[in-house]
Amino acid sequence: MTIAMTGQISLEQAKSVVEFLESGQQAAADAIIAEIQNPINSELFAEIGKLTRQLHDSLTNFQLDSRLSDLATADIPDAKERLNYVITMTEDAANKTMDAVEAIFPVVDTLAEQVAAVNPSWTKLMNNDLDLKEFKSLCLDIDTLLKNTGKETQHIHSLMTDVLMAQDFQDLTGQVIRKVIELVREVEESLINMLTAFGISAEKVQGKTTPKVGENLVEGPIVNTENRDDVVEDQDDVDDLLSSLGF
Amino acid sequence: MKVLVVDDFSTMRRIVKNLLRDLGFTNIQEADDGSTALPMLQGGDFDFVVTDWNMPGMQGIDLLKAIRADASLSHIPVLLITAEAKKEQIVMAAQAGVNGYIVKPFTAATLKTKLDKIFARLA
């Protein structure tokens with residue numbers, strides 16, 4: 001390439017083209033034109049090449065976030081199952097505990113009744129006020145009470161062991177929930193990366209927004225009452241609010 | 001006294017039933033949301049309703065409004081036991097004519113206090 005690169009065509013080249021055309025040498029004139037275009041084309045090609053590479057890199061990087069599709073198709077359905085497992089486990093535990101407690105109530109009530117039944121005679125005995133016939137009857141009642149108490153306390157003990165064992169869900173559900181928290185963290189990161197790839201700054205998006213609420217403002221348990229001023233913290237707050245309304 | 005306990009979680013219904021039984025209420029029936037509860041109320045002579053707020057189907061607040069809007073039911077006292085804790089919601093419940101509002105988690109003592117208050121007021 002012999003042209004002076006101040007412009008895209010030199011005076012010399014232009015003159016040659018005119019000469020070739022005047023002398024009817026079309027092919028030679030075309031050859032010069034092609035030679036002139038060549039550097040323009042190569043710059044264009046270089047630019048297109050650069051853009052193509054950038055596009056390719058962007059796409060490849062974006063595919064790095066194919067993790068996102070794994071998350072959506074595998075991890076999140078798995079997490080749903082895990083959370084359902086937590087519901088089942090906690091429900092089972094609550095029911096097992098209540099089974100035991102509901103079984104203990106009548107046992108304790110019966111013992112209390114039997115104690116209450118011997119109490120008047122016992123008080124009379126302590127006051128030296130009991131005749132022999134009553135004393136014999138009291139002895140029989142106390143005998144029954146002692147036997148029953150011995151038997152029933154064993155029963156209560158085993159039911160209380162059931163209550164104790166029903167708490168084993170805490171360890172298992174704790175592990176499951178910790179795993180789901182990790183997944184939520186990962187999804188959050190992937191989504192922020194995606195926003196960044198689309199040129200949306202995460203900071204701009206991270207405005208202080210309140211969680212989505214359902215019909216009638218339904219939101220469920222509030223876990224961060226101390227950071228919010230639109231919720232009550234406890235029953236006292238509810239009572240204060242209601243009494244301020246004239247309740 | 002016939003009581004209807006409305007909650008979508010059977011465990012919570014069971015807890016409330018046990019507490020109510022301890023307080024001397026023995027005639028207790030259950031429903032798992034407002035749309036199940038309302039026909040039961042219309043069909044039976046209930047004296048008292050304890051309901052959760054957030055339930056699939058008909059919510060507790062809507063059940064309360066339906067009870068107040070029905071001339072044959074409007075006299076029945078309604079106690080909300082709910083995790084819903086927004087001030088706006090408590091105001092909403094008060095305006096809808098709730099007789100008591102307990103936030104979860106709650107204690108047996110709180111339930112007793114609120115019941116005493118509700119029935120003292122009605123007496």
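This report covers the interface, salt bridges, backbone details and packing of a predicted model with chains A and B.

**Confidence**

The predictor gives the complex an ipTM of 0.88. The pTM is 0.75. Chain B has a mean pLDDT of 95. In chain B, 100% of residues reach 70 or more.

**The interface**

The size of an interface is often given as the accessible area lost when the parts come together. Here, chain A and chain B bury about 2,600 Å² between them. Carbon and sulfur atoms give 58% of that area. On the side of chain A, the residues that lose the most area to chain B are Asn216(A), Leu217(A) and Phe247(A). Together they make up 24% of what that side buries. The contact draws 29 residues from chain A and 30 residues from chain B.

Asn216(A) also stands out in its backbone. Its phi is near 60°, a positive value in a residue other than glycine. Asn216(A) sits in the loop between helix H6 (202–205) and helix H7 (235–244) of chain A. With a relative accessible area of 16%, Asn216(A) is buried, because the cut-off for buried is under 20%.

Helix H7 of chain A holds Gln235(A). Which residues does Gln235(A) contact, leaving aside its neighbours within four places in sequence? They are Tyr101(B), Ile102(B), Val103(B), Thr110(B) and Lys114(B). Gln235(A) counts as buried, at 12% relative accessibility.

**Salt bridges**

Side chains of opposite charge can pair when their charged atoms come close. Over all chains, the search finds 18 salt bridges. Across the interface of chain A and chain B there are 4. The table gives four of the pairs found in the structure.

| Pair | Closest N to O distance |
|---|---|
| Lys86(B) and Glu219(A) | 2.5 Å |
| Glu182(A) and Arg185(A) | 2.7 Å |
| Asp45(B) and Lys2(B) | 3.3 Å |
| Glu30(B) and Lys17(B) | 2.6 Å |

Lys86(B) pairs with Glu219(A). Both belong to a salt-bridge network that also includes Arg228(A) and Asp230(A).

The pair Glu182(A) and Arg185(A) lies within helix H5 (residues 169–197) of chain A. Why are these two residues about one helical turn apart? They are 3 residues apart in that helix, so about one turn separates them. Glu182(A) is partly exposed at 39% relative accessibility. Arg185(A) is partly exposed too, with a relative accessible area of 36%.

In chain B, Asp45(B) and Lys2(B) meet in a salt bridge at 3.3 Å, N to O. This pair links distant parts of the chain, 43 residues apart. Asp45(B) is in the loop between H2 and S3 of chain B, and Lys2(B) is in strand S1 of chain B. Asp45(B) is exposed, with a relative accessible area of 59%. Lys2(B) is buried, with a relative accessible area of 15%.

Glu30(B) bridges to Lys17(B), with the closest N and O atoms 2.6 Å apart. The pair again links distant parts of the chain, 13 residues apart. Glu30(B) belongs to strand S2 (residues 27–31) of chain B, and Lys17(B) to helix H1 (residues 10–22) of chain B. Glu30(B) counts as partly exposed, at 30% relative accessibility.

**Backbone details**

A cis peptide bond joins Lys104(B) and Pro105(B). Its omega is about -5°. Pro105(B) is in the loop between strand S5 (100–103) and helix H5 (108–122) of chain B.

In chain A, Asn128(A) has a phi near 55°, a positive value in a residue other than glycine. Asn128(A) lies in the loop between helix H3 (66–126) and helix H4 (132–166) of chain A. Is Asn128(A) buried or exposed? At 73% relative accessibility, Asn128(A) counts as exposed.

**Packing in chain B**

Helix H3 (residues 60–69) of chain B has these buried residues: Gly60(B), Ile61(B), Leu63(B), Leu64(B), Ala66(B) and Ile67(B). They pack against three strands and two helices of chain B: strand S1 (2–6), strand S3 (48–51), strand S4 (78–82), helix H2 (34–43) and helix H4 (87–96).

**A surface patch on chain A**

Leu44(A), Phe45(A) and Ile48(A) make a nonpolar surface patch of about 320 Å². Leu44(A) is in helix H2 (residues 26–64) of chain A. Leu44(A) counts as partly exposed, at 48% relative accessibility.

Conventions: Residues numbered from 1 in each chain as written. Chains lettered and ligands numbered in written order. Predicted model: local features only at pLDDT ≥ 70, side-chain atom pairs only at ≥ 80, totals over all residues. Heavy atoms only, no water. pLDDT = per-residue confidence, 0-100. Patch = residues over 30% accessible without salt bridge, like charges linked within 9 Å, V, L, I, M, F, W, Y side chains within 5 Å. Areas by Shrake-Rupley, 256 points an atom, 1.4 Å probe, with all protein chains shown as cover. Salt bridge = Lys/Arg side-chain N within 4 Å of Asp/Glu carboxyl O. Helix = DSSP H or I, 4+ residues; strand = E, 2+ residues; numbered from the N terminus. Buried < 20%, exposed > 50% of the residue type's maximum accessible area, 1.4 Å probe, protein only. Contact = heavy atoms within 4.5 Å. Buried area = accessible area lost by both parts, 1.4 Å probe.
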